[in-house]
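Reader: Please take me through the labels attached to this entry, and for each one set the value beside the rule that it has to satisfy.

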Amino acid sequence: MSDNQKVKLTKGKVRAMMKYLQSKNEKLLEENQYAKDAIVRLNDITFSKLNKIEELKDRIQALTMGLKTLTAAIIDLGISEDDINKVLKESMLSLGRNCKLRHESRSQDGMKKMRLDECQDIRNNFFRRFIKNKKKEEEMERKREEKDELNKKEEDKLNEEEAIIQEKRQSMRDRDEDVVTMHGGARPSNDTHMTASAAVFTPLPYTESIHKFIVKAGCCRYRYGLDISKDNFLAVVHDYKSVYLYSETRRAERLLFTFSFNVYCLAWNQQGTYLAIGGKSANNAVNTITVWDVVKPDVVRILNTEEKNQDCFSLAWKEGSVTAGTCQYVYQWDVSDLNHDQHERQTKNVFPNNKIQNMADGW
């Protein structure tokens, strides 16, 4: 190996050693910086801990001062305990004497109060009787006024009904006179086959379409499942089994009752106070026709049929009687006195079987 080669090899080793030393120096610098940062953090932690130690010293000193103060106060209380017991003993003696005097005074006041209470009770009883009598008088006066008002309303209603009846009678008389005049002074015959005069039975055309009240009739497919009283109360069958009442003036509806059988017909009496309801006979029943008081509301009469399975398809009132048409018979009951629980008198007419069969074939 020549000298130049040795020099080159030595230079290479020196360069490698320099690189190694340089990297080692950089690592040492980094470790030195990390150590410096750790020292700074340690100083900060030490400073905060020293501050906390100072605060704890101040608190301990304050607690020591407070303890000394409390000790002094306890010593003072121990010294004054005898004085306090002496004062309490004197106070108890004085309180006992005062209680004795007060008890004697209270017994005297109790006697006076008993006498005053007796006088007050007598006075209160007098005023109660006076107020009770006054209320009775006011109640009697109010009932008297209500009775007079009801009597006046009934009288006015009767007068109005009488006036309406007189007006209808006069209208009928005027119509009869017009008919007599049109027939040359002779009244028309009662023959049902006679052709009616066109002048008498002239139809009145409608000038406009008006509906006043829409009701939910539901499945009311029966011919007699709807009726209107003289006071414009509408009774209608809804969904076969329920009967609803509608008031045109009040715009209100009310469920009267939901039956267990299908309702086929209903009818108001002439006064509009009672409603007869009939329908399908179920389970061999004989009492599917009922008369209702719609004000209560309650059943006031059950109209029984002698035969079972008589479906009622139509009802009609005539003064004090109810007539019902069933699938086989025509019944009539006397219900003139519905205010008393009496047995209704029943009459029955029978259709000829062949006539019913012919009508069924025609339908």
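Author: A salt bridge is counted where a side-chain nitrogen of Lys or Arg lies within 4 Å of a carboxyl oxygen of Asp or Glu. The model is a predicted one, in which local features need pLDDT of at least 70 and side-chain atom pairs count only at pLDDT 80 or more, while totals for chains, interfaces and linings use all residues. Residues are numbered from 1 along each chain as its sequence is written, and side-chain values use heavy atoms, with hydrogens and water left out.

Reader: What makes D231 and K230 a salt bridge?

Author: The closest N and O atoms of D231 and K230 are 3.3 Å apart, and because the limit is 4 Å, the pair qualifies. D231 has a relative accessible area of 35% and is therefore partly exposed, a term for values between buried (under 20%) and exposed (over 50%), with a 1.4 Å probe and protein chains only. K230, at 43%, is also partly exposed.

Reader: Which residues are joined into one network by salt bridges that share partners?

Author: E139, R142 and E146 are joined in that way. The structure holds six salt bridges, and one of them brings together the side chains of E139 and R142, with 2.2 Å from N to O.

Reader: How do you know that E139 and R142 are about one turn of the helix apart?

Author: Both lie in helix α1, and three residues separate their positions, which corresponds to about one turn. Helices here are DSSP runs of H or I with at least four residues, strands are runs of E with at least two, and both are numbered from the N terminus. E139, at 32% relative accessibility, falls in the partly exposed range, and R142 does too, at 36%.

Reader: Why are E141 and R144 separated by about one helical turn?

Author: They are three residues apart in helix α1, and that is why the separation comes to about one turn. E141 forms a salt bridge with R144, the closest N and O atoms being 2.4 Å apart. Their relative accessibilities are 36% for E141 and 40% for R144, so each counts as partly exposed.

Reader: How many disulfides does the structure hold?

Author: The structure holds zero disulfides. A disulfide is a covalent bond between the sulfur atoms of two cysteines, and here the test is a pair of cysteine sulfur atoms within 2.5 Å. For C327, the closest cysteine sulfur is that of C312, at 9.7 Å, which is too far for a bond. C327 is partly exposed at 37%, and C99 is partly exposed at 44%.

Reader: What makes K8, K11, R15 and K19 a patch of positive charge?

Author: These residues gather on the surface, and the rule for patches asks for over 30% relative accessible area and no salt bridge, with like charges joined within 9 Å and nonpolar side chains (Val, Leu, Ile, Met, Phe, Trp, Tyr) within 5 Å. Lys and Arg count as positive and Asp and Glu as negative, whereas His and the chain ends are not counted. The place of a charge is taken as NZ of Lys, CZ of Arg, CG of Asp or CD of Glu. K8 is found in helix α1, residues 3–182, and at 63% relative accessibility K8 counts as exposed.

Reader: Which residues form the nonpolar patch on the surface?

Author: V14, M17, M18, Y20 and L21 form it, with about 520 Å² of accessible area together, the areas coming from the Shrake-Rupley method with a 1.4 Å probe and, for residues, with only the protein chains shown counting as cover. V14 is placed in helix α1 and is partly exposed at 46%.

Reader: What is notable about the phi of N232?

Author: N232 has a positive phi of about 60° although it is not a glycine, and this residue sits in the loop between β1 (226–228) and β2 (233–238). E319, likewise a residue other than glycine, has a positive phi near 55°; its place is the loop between β9 (312–318) and β10 (321–326), and at 66% relative accessibility E319 is exposed.

Reader: Where is P297 found?

Author: P297 lies in the loop between β7 (289–293) and β8 (298–303), and the peptide bond joining K296 and P297 is cis, with omega about -20°.
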